[in-house]
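Me: I would like to go through this model with you, asking at each step what justifies the terms being used. Please set each value against its definition before you conclude anything.

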Number of protein chains: 2
Amino acid sequence: MAVLLGPLADRDAWSAIGECPIEKTMAVAGTKSAMLIMREAYYGTTRFDDFARRVGITKAATSARLSELVSAGMLQKRPYQEPGQRVRDEYVLTDAGRDFMPVVWAMFEWGRNHLPNNTRLRLTHLDCGADASVEIRCEKGHSVPPDELGVRVVRRSRPEGQ
Amino acid sequence: MAVLLGPLADRDAWSAIGECPIEKTMAVAGTKSAMLIMREAYYGTTRFDDFARRVGITKAATSARLSELVSAGMLQKRPYQEPGQRVRDEYVLTDAGRDFMPVVWAMFEWGRNHLPNNTRLRLTHLDCGADASVEIRCEKGHSVPPDELGVRVVRRSRPEGQ
DNA sequence: CAGTATCCATAAAGATACTG
DNA sequence: CAGTATCTTTATGGATACTG
């Protein structure tokens, strides 16, 4: 891949541009259980015990991971109350959590294409019935192949209209 | 997200469909250092010491991760020889490794959008100059929003399957 | 430059028991 | 159902020294 950024000579070079976002994302949600909890959230799971059972991890791990994902802004606690029960919290996706979907489903797609025994699963666009996948695209609508992708550093970062 | 697969009642349900590809992908390349080594590979790095220095990990970790990524089929050893030096191996991307790019760049995009201090970085389509991003699309060309994505299980072609 | 070997610290996660 | 509290094992990775 040709890059505008270029391979950085060493890790210190990243500090000049605010650290590597990949590394920071991995620090926040880069564990196996965190990814699977996000998978469950996309499947519609919201309750503590459901996360623990469906992901297949202990309650201790579930507790730790849910707290971290809430801190990271990917999940949000929402109070609910079953009749005759005390008020509890469930864990629902935030916009930032939904924005994380390409990460999880890109792993899904890579695994089913490159690891054994997953040929039966497909991502699907429910509205039209066609199979879906995760791809890299530019704003002009081109599909971007590996050798045409680059990273650039913009001069100054500020939100539009400021 | 509405799903055809639906939230699986427990983790054992995955075994009926060959285990979860997300989980298997995380098992194979789901560490922070593995992701950063793949980042470096996309930037064009191929040499052992360059991986270690640019990722910022020890040689021991570099050695372990490179071996795992070769076993996973994402990198490939290729012999080379500098004049006057012995033959060594460098680590180059395979097709499967290039197919992993959406995972890494989706993390890049999520991090720069949702974590502080990364607003200066942009993915770019080098051929046309437009900014790029990672998105979920169906074969008919629709961009697939979170609530329109599903997972389906295709029927076994093999009669022995069930 | 490209590793291997050793020892040590921390993080992730399982097992189990307990609480309201 | 929704957690917390221990205790233990394994995974990850740093520090350092050594090799061809």
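Reply: A polar contact is a pair of N or O atoms within 3.5 Å; within protein, one of them must be able to donate a hydrogen and the other to accept it, and residues adjacent in sequence count only if both atoms are side-chain atoms. A polar side-chain atom of A:Y91 lies 3.2 Å from a phosphate oxygen of DNA strand D, and this pair is therefore a polar contact under the 3.5 Å limit. The model is a predicted one, in which local features need pLDDT of at least 70 and side-chain atom pairs count only at pLDDT 80 or more, whereas totals for chains, interfaces and linings use all residues. Residues are numbered from 1 along each chain as its sequence is written, chains are lettered from A and ligands numbered from 1 in the order in which they are written, and side-chain values use heavy atoms, with hydrogens and water left out.

Me: What makes B:S33 and B:R65 polar contacts of DNA strand D as well?

Reply: An N or O atom in the side chain of B:S33 is 2.5 Å from a phosphate oxygen of that strand, and for a polar side-chain atom of B:R65 the distance to a phosphate oxygen is 3.1 Å; both values lie within 3.5 Å, so both pairs meet the definition. The elements that give two or more residues to the surface near DNA strand D are α3 (48–55), α4 (59–71) and β2 (87–93) of chain A, together with α2 (32–43) and α4 of chain B; helices here are DSSP runs of H or I with at least four residues, and strands are runs of E with at least two, numbered from the N terminus.

Me: Which residues come nearest to DNA strand C, and what does "near" require?

Reply: A residue is near a strand if one of its heavy atoms lies within 4 Å of it. Of the 18 residues around DNA strand C, those that come nearest are A:S33, B:F48, B:S63, B:Y80 and B:R88. Sugar and phosphate account for 61% of the atoms of this strand that come within 4 Å of the protein. A polar side-chain atom of B:S63 lies 2.4 Å from a phosphate oxygen of DNA strand C, while one of B:R88 lies 3.0 Å from a sugar or linking oxygen.

Me: How do you know how the two protein copies are related?

Reply: Chain B can be laid on chain A with an RMSD of 0.1 Å by a turn of 180° and a shift of 0.0 Å along the axis, the superposition being by least squares on the C-alpha atoms of residues with pLDDT of at least 70 in both. The two copies are therefore related as by a two-fold rotation axis. The same surface serves both, since 98% of the contact residues of chain B recur in chain A, contact meaning heavy atoms within 4.5 Å.

Me: Why is the pair A:D131 and B:R152 called a salt bridge?

Reply: The term requires a side-chain nitrogen of Lys or Arg within 4 Å of a carboxyl oxygen of Asp or Glu. The closest N and O atoms of A:D131 and B:R152 are 3.0 Å apart, so the pair qualifies. The count between chain B and chain A is two salt bridges, and 40 residue pairs are in polar contact across this interface (both at pLDDT 80 or more). The largest share of the side of chain B that touches chain A, 12 residues, comes from α6(B).
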